Amino acid sequence: MILDEPFVGLDPKSSFIVKQEMKKMCEAGNAIFFSTHILEVAEKLCNKIAIIKNGELVITGKMEEVIKNSSLEDVFMESIEPYQYDSLVPFDTAYLSGF
């Protein structure tokens, strides 16, 4: 399944229901590829992540390998900004995703 910003405009209850249904689909062996600007949701739901900057894939991998001891927000900001953040270890490689 491919979804574009599936949580935009949803109230908290509807968002919860959508997340639960997405989890059920994945547990049944399905894959979900979705875009979001809500990095906290992506960090909690996804097991793989990809970050696109200017139409190019700049980071991809398993969530735990991408964020390490940081957060997806820190990794994302690092990937789009020309300077390093103190909270991040230098990262060569930044978001999109699926469960």
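**Group meeting: a predicted single-chain model**

I'll start with the tail: over residues 87-99 pLDDT stays under 50, and the model has 60 contacts beyond four places in sequence for this stretch. This is a predicted model, so keep that in mind for everything that follows. For the chain as a whole, the mean pLDDT is 82, and 82% of the residues reach 70 or more. Among the elements, α1 has the highest mean, at 94, and α4 the lowest, at 87.

Now the layout. The chain contains 4 strands and 4 helices. Going along the sequence, their order is β-α-β-α-β-β-α-α. The chain has 99 residues, and 33% of them are buried. Its accessible surface is about 6500 Å², and carbon and sulfur atoms account for 54% of that.

Next, the core. Which residues have the most contacts inside the largest nonpolar core? They are F34 and L72, in a core of 17 residues. At least two residues of this core come from each of α2 (39-45), β3, α3 (63-67) and α4 (72-80). The element that gives the most is α2, with 4 residues.

F34 comes up again in the aromatic rings. The structure has 1 aromatic pair. The partners are F7 and F34, with ring centres 6.1 Å apart and planes at 85°, so this is an edge-to-face pair. As for position, F7 sits in the loop between β1 (2-4) and α1 (12-27), while F34 sits in strand β2 (residues 33-35), so the pair ties together parts that are 27 residues apart in sequence. Are these two residues buried or exposed? F7 has 6% relative accessibility and counts as buried. F34 is at 0%, and is buried too. To be explicit about the cut-off, buried means under 20% relative accessible area.

The loop that holds F7 has one more feature. E5 also lies between β1 and α1. Its phi is positive, near 50°, and E5 is not a glycine.

On to the strand pairing. Strand β3, residues 48-53, runs antiparallel to strand β4, residues 56-62, and the two pair over 6 bridges. As an example of the register, I51 has I59 in β4 as its bridge partner. The two strands form a hairpin, with 2 residues between them.

What is the phi of N54, in the turn of that hairpin? It is positive, about 55°, although N54 is not a glycine. N54 belongs to the loop between β3 and β4. Is N54 buried or exposed? Its relative accessible area is 74%, so N54 is exposed; the cut-off for exposed is over 50%.

Staying with the hairpin strands, A50 lies in β3. A50 has 12% relative accessibility and counts as buried. The C-alpha atoms of A50 and K62 are 8.9 Å apart, and the two residues are separated by 12 positions along the chain.

To recap, then. F34 is in the aromatic pair with F7, and F34 is also one of the residues with the most contacts inside the largest nonpolar core. L72 shares that description. Strands β3 and β4 make an antiparallel pair, and N54 in their turn has a positive phi. For residues 87-99, pLDDT stays under 50, so I would end where I began, with the model being a predicted one.

Conventions:
Residues numbered from 1 in each chain as written. Predicted model: local features only at pLDDT ≥ 70, side-chain atom pairs only at ≥ 80, totals over all residues. Heavy atoms only, no water. Buried < 20%, exposed > 50% of the residue type's maximum accessible area, 1.4 Å probe, protein only. Areas by Shrake-Rupley, 256 points an atom, 1.4 Å probe, with all protein chains shown as cover. Phe/Tyr/Trp six-rings, centres within 6.5 Å; stacked < 30°, edge-to-face > 60°. Pairing = 2+ DSSP bridges. Core = buried A, V, L, I, M, F, W, Y, C linked by side-chain atoms within 4.5 Å. pLDDT = per-residue confidence, 0-100. Contact = heavy atoms within 4.5 Å.
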